[in-house]
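Here is a short briefing to keep beside you while you turn the model on your screen. It starts with the whole chain and ends with a single residue.

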Amino acid sequence: MTCTLYFWESKFPPITIKPHQSLAHHLTAENSPVLFGCRTGLCGTCLVEIIGEIPPPTSEEAEVLEILAPENPRCRLACQIDVTQDIIIKTHAV
Ligand code: FES
């Protein structure tokens, strides 16, 4: 099984990964539009909006999201999400 990552309103081509693989690793290697900083869920550089089903945030990720994007429940930290199926990623200005 694979998961395809699509990039909203971007010419960047979709990327296919295996479920549970690290987005921080794959998207950086592919030079995708998603930027990363700390990769540990603290800095918020990788804030994106996800369209599709992914497991809910951990309490640590939820705390950061409450500060960065309390108004949008679809916002997530790309370095922390666990991808289990196809999703669309909307890059989000911090
Ligand atoms: S890269 Fe810092 S929170 Fe994701």
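What follows covers the overall fold, the sheet, the core and one loop residue.

Please keep in mind that this is a predicted model. The protein chain holds 2 helices and 5 strands, and from the N terminus on they come in the order β-β-α-β-α-β-β. The radius of gyration is 12 Å, close to the 12 Å that the globule rule gives for 94 residues, so the chain is as compact as a globular protein of that length.

**Overall dimensions and packing**
- Measuring sticks at the ready: along its principal axes, the C-alpha trace spans about 30 × 25 × 20 Å.
- Of the 94 residues, 23% count as buried.
- Among contacts with a separation of 6 or more, 59% link residues 24 or more positions apart.

**The sheet and a helix across it**
- The 5 strands form an open sheet with mixed pairing, and their order is β2-β1-β5-β3-β4.
- At the edges sit β2 (15-17) and β4 (75-77), each of which pairs on one side only.
- On average, neighbouring strands of this sheet are turned by 35° against each other, direction ignored.
- Strand β1 (residues 3-7) and strand β5 (residues 87-91) run parallel and are joined by 3 bridges.
- If you look for the bridge partner of Y6 in β5, you will find I88.
- Helix α2 (residues 59-68) lies across β3 (47-51) and β4, and runs at about 130° to β4.

**The nonpolar core**
- In soluble globular proteins, nonpolar side chains tend to be buried together.
- Here, the largest nonpolar core has 17 residues, and those with the most contacts inside it are L23, C46, V48, L77 and A78.
- The elements giving two or more residues to this core are α1 (23-29), β3 and α2.
- One core residue to click on is L77: leaving aside its neighbours within four places in sequence, L77 is in contact with G41, C46, L47, E61 and V64.

**A closer look at G41**
- Where is G41 placed? G41 is in the loop between α1 and β3.
- Is G41 buried or partly exposed? G41 has 18 C-beta neighbours inside 10 Å, and a residue needs 20 or more to be buried, so G41 counts as partly exposed.
- G41 and C79 are 38 residues apart along the chain, yet their C-alpha atoms are separated by 6.5 Å.
- Leaving aside neighbours within four places in sequence, the contacts of G41 are E60, E61, V64, L77, C79 and Q80.

Note on methods. Residues are numbered from 1 along each chain as its sequence is written. This is a predicted model: local features need pLDDT of at least 70, side-chain atom pairs count only at pLDDT 80 or more; totals for chains, interfaces and linings use all residues. Helices (H or I, at least four residues) and strands (E, at least two) are DSSP runs, numbered from the N terminus. The radius of gyration is taken over C-alpha atoms; the globule rule is 2.2 Å times the number of residues to the power 0.38. A residue is buried if 20 or more other C-beta atoms lie within 10 Å of its own, exposed if 12 or fewer, and partly exposed in between; C-beta atoms are placed from the backbone. Two residues are in contact if their C-beta atoms, placed from the backbone, lie within 7 Å. Two strands pair if DSSP finds at least two bridges between them. Axes are lines fitted to C-alpha atoms, for helices over the stretch in contact, and angles run from 0 to 180 degrees between N-to-C directions. A nonpolar core is a set of buried Ala, Val, Leu, Ile, Met, Phe, Trp, Tyr and Cys residues joined through C-beta atoms within 7 Å.
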